[in-house]
Amino acid sequence: MNDLALLDADDRAALAAFRLRLGDRRFRGRAGGRRGHGAGSSLEFLDFRDYVPGDDLRHVDWRGYARSEVLRVRLHEEEVAPFVDLVVDPSASMAVTAAKARAARALAVAFAQWSQQEGCASRLLQLGGGVVGPTGLGFDETTPVDAPAAPLVPLRRAGARILLTDGLWPGDPAPLLHTLQGGASRFLCVQLLDPWELAPPVGDALQLVDCEGERRLELRLDARTVAGYRQRLQRLCERLRTLVVGAGGSYVLVEAGPLGAMASGPLSAALVVEPA
Amino acid sequence: MTFTAPFGLLALLAVPAVVALHLFRNKLPERRVAGLFLFPQEALLAGAGRTRTRLLRTPSFWLELLAALLLGLWLGGLSFGGARSRHVVVVLDDSASMAAGGRDRALVALRQRLGGLGGGDFVSVLRTGPRPEVLAGPKALPHEALATLDGWQPTLPRHDRSPTLDLGRELAVGGGELWFLTDEAPGPGDLDVTWLAFGQSAANAAILGIVREPGADGIERVRAHLAAFGAIASIELVLRTGERELQRVRLEFADGEGTVVVPLPAGVDVLHASLSADALAIDSAAWLLPAPVRDVRVCDQLPSGAADALAIPRLLTALPAVRNEADSRTAQLLLRAMPGPLRAGQLELVVAGDGERRPLAGPFVIDRAHAVCSGLSLQGVVFGAVVRDLPGAVLVAAGALPLCTEEPLDEGRRFWLALDPQLGNFARSPDWPVLMANLVEQAREQVPGPLQTHVLVGGEARFRRGMETEPIDPAASADPEHQRRRTLWLLGPDGVRVQGHGDRTVGFPVRTVGVHTVQDHAQRPLGQFAARFLDATESDLRLLRTMERAASADVQAARQSAARDTGWERRVLALLLFVIVLLDWWVLARRDT
């Protein structure tokens with residue numbers, strides 16, 4: 001099944017309208033079009049080094065040898081196709097509402113497509129799981145945990161890593177983020193939240209059911225209750241942002257919605273994507 | 001604020017029931033959330049095994065609470081004091097004895113009682129009489145009813161009050177109160193009536209009978225029969241004509257009654273007789289008019305031979321109050337040999353002489369029940385009969401041969417007499433003048449003017465309309481202008497004009513004593529009536545009482561229950577209840593979605 005088939009026409013149009021910004025970081029990867037960490041065969045001059053037998057004579061700086069009679073070799077920058085590991089939170093909380101599930105799936109497909117368009121070798125991984133295709137995203141993990149585990153598959157070094165999650169764990173996210181950010185050239189944390197999660201309406205009396213368990217809580221969402229909830233949510237998001245940004249990563253909070261709105265809104269503002 | 005069905009207030013138990021249901025509710029709309037740990041842990045539902053929860057003051061809770069409250073009030077029959085409308089049906093006893101002070105006392109008490117009614121209360125005022133009369137209402141406002149009371153002047157003789165009380169009961173259906181204002185103590189019945197008697201026992205004298213008698217000596221006299229009810233030893237009778245006092249006579253009562261005969265001077269027109277002041281004035285005065293002139297106009301159109309044989313000129317001279325009239329259109333009685341045109345009210349005698357003649361000595365068959373045949377005997381009469389068929393009902397016959405018949409006509413009356421005046425001795429027998437006298441008296445009824453000049457209060461004054469007012473074209477009788485011109489009025493001594501009813505004979509109800517004048521549409525006087533009061537039982541004031549008897553407790557309770565008009569409160573409550581239930585349904589449906 002084509003990944004784009006998971007998107008509707010509007011989302012596909014938004015997908016084509018934006019491109020992923022990877023920045024000028026140096027990545028590792030197969031030969032490609034982006035600057036790598038080492039010397040390569042690009043046209044961009046990198047440095048000189050002494051000649052050692054076996055070097056390609058075509059890279060010897062003959063003009064310098066004429067001036068100094070020292071054989072030196074011209075080095076050029078390496079051009080690579082970066083690895084992009086898109087790590088998706090598979091927990092049921094990502095599909096707590098239809099809008100959130102749709103937005104999560106659209107973002108996963110979009111990041112994969114944008115990565116490929118940038119010549120990156122992308123793969124989709126699940127927290128606590130392995131590599132999956134976009135069609136294999138289930139958001140059906142209902143085992144309540146304090147914090148999800150890192151993917152079971154080793155992450156590729158010096159690549160870009162994108163974490164797509166709602167971050168709604170009661171536990172400390174630091175260990176997970178430390179694992180995900182370790183060895184990454186660039187790390188992006190996209191925290192996706194439903195509009196109701198961001199601002200629940202005041203006044204309703206509800207029986208709240210934990211989507212990852214059977215815990216129930218009957219509450220009247222009066223102004224005081226909602227204010228307390230929003231305060232806790234803000235602290236949680238701030239903690240997540242601090243951990244990510246403190247480790248050199250990027251953090252963006254996205255309100256679930258159409259892909260176009262998300263791309264042109266918070267993702268563009270956080271310089272994650274830019275118009276194509 | 002009152003409740004017509006206090007037991008319905010038990011439905012207010014629904015209010016705590018609603019609160020309890022909300023306290024023990026176990027179902028709220030579910031919502032799946034991701035960050036349950038972010039919500040404050042002040043759960044409404046504390047945990048398993050406990051069902052009582054913190055009371056949620058949701059819109060649905062308030063709406064259901066209000067609905068339960070309204071339901072209780074609706075079933076309880078909420079009634080605001082101001083909305084309770086009283087309907088008082090007042091029946092005024094119109095008998096003349098009420099005029100002996102009872103009326104005034106009754107009006108004072110009635111004004112006081114009606115003044116205590118509210119603006120939303122209603123009053124109906126009825127007056128007793130042979131036919132119940134509604135003076136105010138039905139359901140007039142109190143001030144409208146009070147305004148009608150001034151015109152109430154009780155004048156009627158004793159009459160049955162039941163039809164009026166029955167009408168009052170009909171008007172009071174649905175919680176109304178029935179008050180009867182009279183001057184007598186109640187009987188054993190009428191327990192549903194609030195009986196208010198304002199009479200006071202008093203002695204009274206009355207004129208029970210009074211007439212003008214033409215004496216044999218040519219002097220007219222007044223004969224008055226007086227009666228005293230109570231401790232009245234003597235009384236003075238005063239006779240006046242106009243402003244002139246003719247005579248003053250004192251009568252000593254023996255056994256409570258006495259008769260006075262007073263000669264009158266010549267030329268007295270309207271005579272006013274009155275007694276000295278006593279408790280009741282209406283029975284102490286009488287007006288006597290001179291005997292009316294009611295000449296019958298006879299038009300003789302018989303051939304001269306027949307008229308002479310029948311001695312018509314002599315008869316017309318001998319019969320009292322008969323005049324010869326040449327104009328057949330204005331005569332009341334026409335004598336003809338052949339039938340001619342008649343107008344309404346005319347009477348025609350056709351002496352049919354054409355045919356085979358046969359003298360008949362009897363036996364004769366006479367319809368003695370007919371007024372024309374009254375006094376006829378035909379004893380020793382040889383009737384010169386003419387053998388022919390006569391139209392109409394047979395009045396006199398000899399065997400199968402009709403001799404006298406009455407032919408029914410649309411206009412007037414026609415009598416046939418199959419008689420050859422020259423044959424036999426009928427015209428010379430006493431039966432012929434008797435027959436003519438009967439015919440003249442029948443025709444006299446058609447003479448224009450009052451049929452009786454002296455009438456009693458409570459009765460009817462009847463006036464015979466003149467033939468000249470009869471429409472020539474029957475179709476013209478439907479013309480409104482013609483109807484207006486034919487209308488007759490009776491002008492009472494109090495200046496009140498009453499319209500007459502009837503075609504040829506016009507009747508006027510008489511409710512006041514004194515001289516009444518009949519007027520045409522142009523207020524021209526056509527005749528006079530003298531009305532006086534005569535009822536010994538009403539003149540006897542010795543049994544009058546002042547007392548009050550309330551309606552029976554059962555009747556009062558039933559009326560009080562029915563009188564509470566809680567209609568609008570119940571309608572408003574029902575409407576509110578419906579709206580609130582709808583609103584609650586809408587709120588719940590919206591919450592579930």
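Two strands count as paired when DSSP finds at least two bridges between them. Keep that in mind for the first stop of this tour through a predicted model.

**Stop 1: a strand pair across the chains**

Select residues 205-210 of chain A, strand S8, together with residues 30-33 of chain B. S8(A) and S2(B) run parallel and are linked by four bridges. To find one of the partners, pick Asp210(A): facing this residue in S2(B) is its bridge partner, Val33(B).

**Stop 2: the wider contact**

Now widen the selection to everything that joins the two chains. How many residues does each chain bring to the contact? Chain A supplies 23 and chain B supplies 18. On the chain A side, colour strand S8 (205-210), strand S9 (216-220) and helix H6 (223-246), the elements that each give two or more residues. S8(A) has the largest share of that side, with six residues. If you colour the chain A side by class, you should find twelve nonpolar, four polar and seven charged residues.

**Stop 3: a covered strand in chain B**

Move to residues 296-300 of chain B, which form strand S16. Is this strand mostly covered or mostly open? It is mostly covered, with five of its five residues buried. In a regular strand, side chains alternate between the two faces of the sheet. Here, show Val296(B), Val298(B) and Asp300(B) on one side, then Arg297(B) and Cys299(B) on the other; all of them are buried.

Next, add the strands that pair with S16(B). Strand S17, residues 322-324 of chain B, runs parallel to S16(B) and is joined to it by three bridges; Val298(B) has Asn324(B) as its bridge partner there. Strand S18, residues 333-336 of chain B, also pairs with S16(B) in the parallel sense, over three bridges. In S18(B), look for Leu335(B), the bridge partner of Asp300(B).

**Stop 4: two nonpolar cores**

Go back to chain A for the largest nonpolar core, which has 73 residues. Its members that touch the most others are Leu86(A), Leu107(A), Ala108(A), Ile162(A), Leu164(A) and Val190(A). Helix H3, residues 98-117 of chain A, gives this core the most, ten residues.

Centre the view on Leu86(A). Beyond its neighbours within four places in sequence, Leu86(A) has contacts that include Ala108(A), Phe111(A), Ala112(A), Ile162(A) and Leu164(A). Ser122(A), Leu124(A) and Leu125(A) are also in contact with Leu86(A).

Finish with a second, separate core of 47 residues; among its members are Val298(B), Ala306(B), Leu310(B) and Leu395(B). You have already met Val298(B), in strand S16(B).

Methods
Residues are numbered from 1 along each chain as its sequence is written. Chains are lettered from A and ligands numbered from 1 in the order in which they are written. This is a predicted model: local features need pLDDT of at least 70, side-chain atom pairs count only at pLDDT 80 or more; totals for chains, interfaces and linings use all residues. Two residues are in contact if their C-beta atoms, placed from the backbone, lie within 7 Å. Ala, Val, Leu, Ile, Met, Phe, Trp, Tyr, Cys and Pro count as nonpolar, Asp, Glu, Lys and Arg as charged, and the others, Gly among them, as polar. A residue is buried if 20 or more other C-beta atoms lie within 10 Å of its own, exposed if 12 or fewer, and partly exposed in between; C-beta atoms are placed from the backbone. A nonpolar core is a set of buried Ala, Val, Leu, Ile, Met, Phe, Trp, Tyr and Cys residues joined through C-beta atoms within 7 Å.
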